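User: Please take a close look at the place where the strands of a sheet meet the packing around them, and then follow the interior outward into the rest of the structure. I would like one connected account rather than a list.

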Amino acid sequence: MPKGLPLILDRPIPKGKSEVSLSAFAFLFSAIVQYTKSSPTPARSLTTWEERLHAIGYGVGIRVLDLIVFRTKGVDSRETDLIRFLTWIQTTVWKAMFNKQAELKKVSQDGGAVFLICDPDPIVSHYVCNPPDYSKSFSSEAYLAGFLAGLLDGAEFPAEVTAHNYDPDGTGSREINCEINFKRHVLQRAERVAK
Amino acid sequence: MSASKANILSLWIVNKSGGLVYNRDFLGSKALDTNACLKLAGMFHGMHAISKQLSPNPADCSGIEVLEAEGFKFFCFESASGVKLLCSTEPSFHNAKAFLEGVYKVYADVLKDPFYVIDHSGIGQPIRQDRFDRKLDQLIREWNP
């Protein structure tokens, strides 16, 4: 072991914010989008392409969860309340990752409540311009959906997350709604805990 | 910010192999059709290369920068990557270099789009992005009051 070099395990975990240049991330994300299209095998459908982006986002979400929990002051135990965890994602996680806040909406449906995390202008895909024939069917924000899925899975609230572009007036709005469908046992558990 | 009524008339972007990547007319003047623009861009690319060699000090020459004619002026800005940004302006316009540098910045954002394909020899396809057009609109409003 070379003397004088600090072991990485001896160094303190950096607390506080570290910012990354948006351009650097944009180039990285652009490379990720192109990579997922053609590797390891050419994606045969837009759905496969989105699933690959989802998988990459999932890996990020799982790892980022512990980091952000560690950096959040005043958190000393695992969050077990569903709504509070979602609120924490919408505020703290989005602030740590993208320096802004998302919105949380709840839509009641027959099979149980569905939650939406809405971001009016997602930074990850800021520079992506979908060609006209893709714009209705492909969204690179599948990466964001995977990110959320990873966060939720890591915190023991497994769910299926999909990203949809919300553009009711056709104005070309880039708003993204991430639809969170919790697994049934999660919702049942939340009801039991609430009683 | 230009104080006089000098205006920027049109903008061309030529990639490093001489192919026209983008062209736009700002005053709705009688536009040349695309094929004519492609040919002219290729010819200018060749002339630009020749001009570098004509210089008494070819290693230190950046090629044609300004082309003055009776009815207009034509400016060329060559980036480090070989992409040429060309614009034609009113004859009274002084120096379009600042404008072209602004366009270059907007162009750099185009390259962040995964759907803008650049092949192995570094040649890009024509730019067809709403975002680019919008950003250019914003920029041109500063220069064409």
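Analyst:
**The sheet of chain A and what lies beyond it**

In this predicted model, A:Ile117 stands opposite A:Cys178, a residue of strand 4 of chain A. The pairing to which these positions belong joins strand 2 (residues 112-119) with strand 4 (residues 176-182) of chain A through five bridges in the antiparallel sense. In the wider arrangement, four strands of chain A make up an open sheet in the order 1-2-4-3, with antiparallel pairing. Strand 1 (103-109) and strand 3 (159-165) of chain A are at the edges and have a single partner strand each, so one side of each has no neighbour in the sheet. From one strand to the next, the twist averages 25°. Against this sheet packs helix 3 (residues 82-98) of chain A, which touches strands 1, 2 and 4 of that chain, and the direction of helix 3 makes about 10° with that of strand 2.

The contacts of A:Ile89 lead back to the starting point: once neighbours within four places in sequence are set aside, A:Ile89 is in contact with A:Ile117, and also with A:Trp94, A:Leu148, A:Leu151 and A:Leu152. The largest nonpolar core has 44 residues, and A:Ile89 is listed with A:Trp94, A:Leu152, A:Ile180 and A:Phe182 as having the most contacts inside it. At least two residues of this core come from each of helix 1 (22-38), helix 2 (46-71), helix 3, strand 2, helix 4 (142-154), strand 3, strand 4 and helix 5 (184-194) of chain A. The greatest contribution to this core, nine residues, is that of helix 4 of chain A. Apart from this core lies another, of 26 residues, which includes B:Val21, B:Leu85, B:Cys87 and B:Leu100. As a general background to such groupings, nonpolar side chains in soluble globular proteins tend to be buried together.

That second core leads on to chain B, which has three helices and five strands, its elements running β-β-α-β-β-β-α-α from the N terminus on. The radius of gyration of chain B is 15 Å, close to the 15 Å that the globule rule gives for 145 residues, so chain B is as compact as a globular protein of that length. Its C-alpha trace spans about 45 × 40 × 25 Å along the principal axes, and 43% of its 145 residues are buried. Among the contacts in chain B with a separation of 6 or more, 48% are between residues 24 or more positions apart.

Within chain B, strand 4 (residues 73-78) has five of its six residues buried, and it is therefore largely enclosed by the rest of the structure. Strand 4 of chain B runs antiparallel to strand 3 (residues 66-68), to which three bridges join it, and B:Glu68 stands opposite B:Lys73 in this strand 4. Strands 3 and 4 of chain B form a hairpin with four residues between them. Strand 4 of chain B is also joined by six bridges to strand 5 (residues 84-89), again in the antiparallel sense. Here B:Phe77 stands opposite B:Leu85, and B:Leu85 is one of the residues of the 26-residue core. The hairpin of strands 4 and 5 of chain B has five residues between the strands, and in it B:Gly82 takes a positive phi near 90°.

How values were computed:
Residues are numbered from 1 along each chain as its sequence is written. Chains are lettered from A and ligands numbered from 1 in the order in which they are written. This is a predicted model: local features need pLDDT of at least 70, side-chain atom pairs count only at pLDDT 80 or more; totals for chains, interfaces and linings use all residues. Side-chain values use heavy atoms; hydrogens and water are left out. Two strands pair if DSSP finds at least two bridges between them. Axes are lines fitted to C-alpha atoms, for helices over the stretch in contact, and angles run from 0 to 180 degrees between N-to-C directions. Contact means heavy atoms within 4.5 Å. The radius of gyration is taken over C-alpha atoms; the globule rule is 2.2 Å times the number of residues to the power 0.38. Buried means under 20% relative accessible area, exposed over 50%, partly exposed in between (1.4 Å probe, protein chains only). A nonpolar core is a set of buried Ala, Val, Leu, Ile, Met, Phe, Trp, Tyr and Cys residues joined through side-chain atoms within 4.5 Å.
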